[in-house]
Amino acid sequence: PIAERAKFLDQDVQIAFVTLAAGADAKAVQSALDEALAGYPTVEVQDQTEFTDQQTAQIDQIMVVFQAFLVLAIVIAAIGIVNTLALSVLERTRELGMLRAIGMTRRQVKRMVRAESVIIALFGALLGVVVGVGFGIALQRALADQGIEKLALPWFQLIAYVLVAAIIGVLAALLPARRAARLNVLNAIKTE
């Protein structure tokens with residue numbers, strides 16, 4: 001019908017769905033639509049699988065960008081932890097010297113600095129997971145009327161990120177812990 005064709009050619013229409021009649025052959029209908037729309041190069045005919053794959057590919061591209069931002073945030077956080085611990089060791093030179101003077105071993109000093117680093121990293125990771133999950137839930141609920149009805153949380157990935165944060169905390173503490181353990185006890189106690 002002419003009226004329906006006019007609706008279809010409306011510039012505001014971005015997606016049109018076709019419901020097949022009972023017993024209709026999907027491939028034959030798609031071929032007929034391809035033939036009928038051959039004069040419109042901007043119109044693309046897809047079956048349900050192709051449409052789903054296209055939408056999933058777009059979401060996957062967005063996820064790659066988010067993963068890149070996550071890696072960048074992790075690198076910045078690791079640098080921040082190293083900087084914080086280095087300043088902490090520098091500011092607590094006298095206290096570290098006193099602890100060593102009363103019997104703390106170098107290994108115990110290293111362990112203390114590493115534990116501090118892991119606590120900082122885990123606190124940041126857990127706070128990030130809680131805030132991220134909260135925003136994810138809020139976003140899903142806000143978009144529920146647009147078809148995003150299912151909320152799926154990647155628990156394995158979230159736990160893996162927290163474990164990676166703990167490992168980064170240990171690695172970030174290597175240089176500050178070594179510096180703290182190598183302090184000269186007498187010079188450290190004299191520090192103002």
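The buried residues of helix α5 pack against α3, α4 (93-101), α6 (155-172) and α7 (174-181). A few terms will help here. Buried means under 20% relative accessible area, exposed means over 50%, and partly exposed is what lies in between (1.4 Å probe, protein chains only). Packing rests on contact, which is heavy atoms within 4.5 Å. Helices (H or I, at least four residues) and strands (E, at least two) are DSSP runs, numbered from the N terminus.

Before going on, keep in mind that this is a predicted model, where local features need pLDDT of at least 70, side-chain atom pairs count only at pLDDT 80 or more, and totals for chains, interfaces and linings use all residues. Residues are numbered from 1 along each chain as its sequence is written, and side-chain values use heavy atoms, with hydrogens and water left out.

Now step back to the whole chain. What kinds of elements does the protein chain have, helices or strands? There are eight helices and zero strands, so to speak a plain run of α-α-α-α-α-α-α-α from the N terminus on. The C-alpha atoms fill a box of roughly 95 × 30 × 25 Å along the principal axes. The radius of gyration of the protein chain is 30 Å, whereas a compact globule of 192 residues would be near 16 Å. That value is taken over C-alpha atoms, and the globule rule is 2.2 Å times the number of residues to the power 0.38.

How much of the chain is tucked away? Buried residues make up 18% of the 192 residues. The protein chain exposes about 14,600 Å², with carbon and sulfur atoms supplying 65% of it; accessible areas come from the Shrake-Rupley method with a 1.4 Å probe, and for residues only the protein chains shown count as cover. As for contacts with a separation of 6 or more, 73% of them are between residues 24 or more positions apart.Let's return to α5, which covers residues 106-142. This helix has 37 residues and reaches 54 Å from its first C-alpha to its last, close to the 54 Å expected at 1.5 Å a residue. The expected span is 1.5 Å times one less than the number of residues in the helix. Which residues of α5 are buried? They are V109, V113, S117, V118, A121, A125, V133 and Q140. R141, also in α5, is exposed, with a relative accessible area of 64%. The C-alpha atoms of R141 and L151 are 8.6 Å apart in space, and the two residues are ten apart in sequence.

Next comes α3, which runs over residues 48-91. Helix α3 has 44 residues and reaches 63 Å from its first C-alpha to its last, close to the 64 Å expected at 1.5 Å a residue. Its buried residues are A78, I81, L85, S88 and V89, and what covers them includes α4, α5, α6 and α7.

Other residues of α3 have more to tell. L87 is found in this helix and counts as partly exposed, at 41% relative accessibility. The C-alpha atoms of L87 and P176 are separated by 8.7 Å, although these residues are 89 apart along the chain. D53 is in α3 too, and is partly exposed with a relative accessible area of 48%. Between the C-alpha atoms of D53 and V162 there are 31 Å, and along the chain the two are 109 residues apart.

I59 also belongs to α3, and at 51% relative accessibility it counts as exposed. Together with I62, M63, V65, F66, F69, L72 and I76, I59 makes a nonpolar surface patch of about 810 Å². Patches are made of residues with over 30% relative accessible area and no salt bridge; like charges are joined within 9 Å, and nonpolar side chains (Val, Leu, Ile, Met, Phe, Trp, Tyr) within 5 Å.

What about charged pairs? Side chains of opposite charge can pair when their charged atoms come close. A salt bridge is a side-chain nitrogen of Lys or Arg within 4 Å of a carboxyl oxygen of Asp or Glu, and by this rule the count comes to one. The side chains of E116 and R92 meet in it, at 2.8 Å from N to O. Because E116 lies in helix α5 and R92 in the loop between α3 and α4, the pair ties together parts that are 24 residues apart in sequence. E116 is partly exposed, with a relative accessible area of 22%, and R92 is partly exposed as well, at 27%.

One last stop is α6, where F156 has its place. Is F156 buried or exposed? F156 counts as exposed, since its relative accessibility is 72%. From F156 to L96 the distance is 39 Å, C-alpha to C-alpha, with their positions 60 residues apart in sequence.
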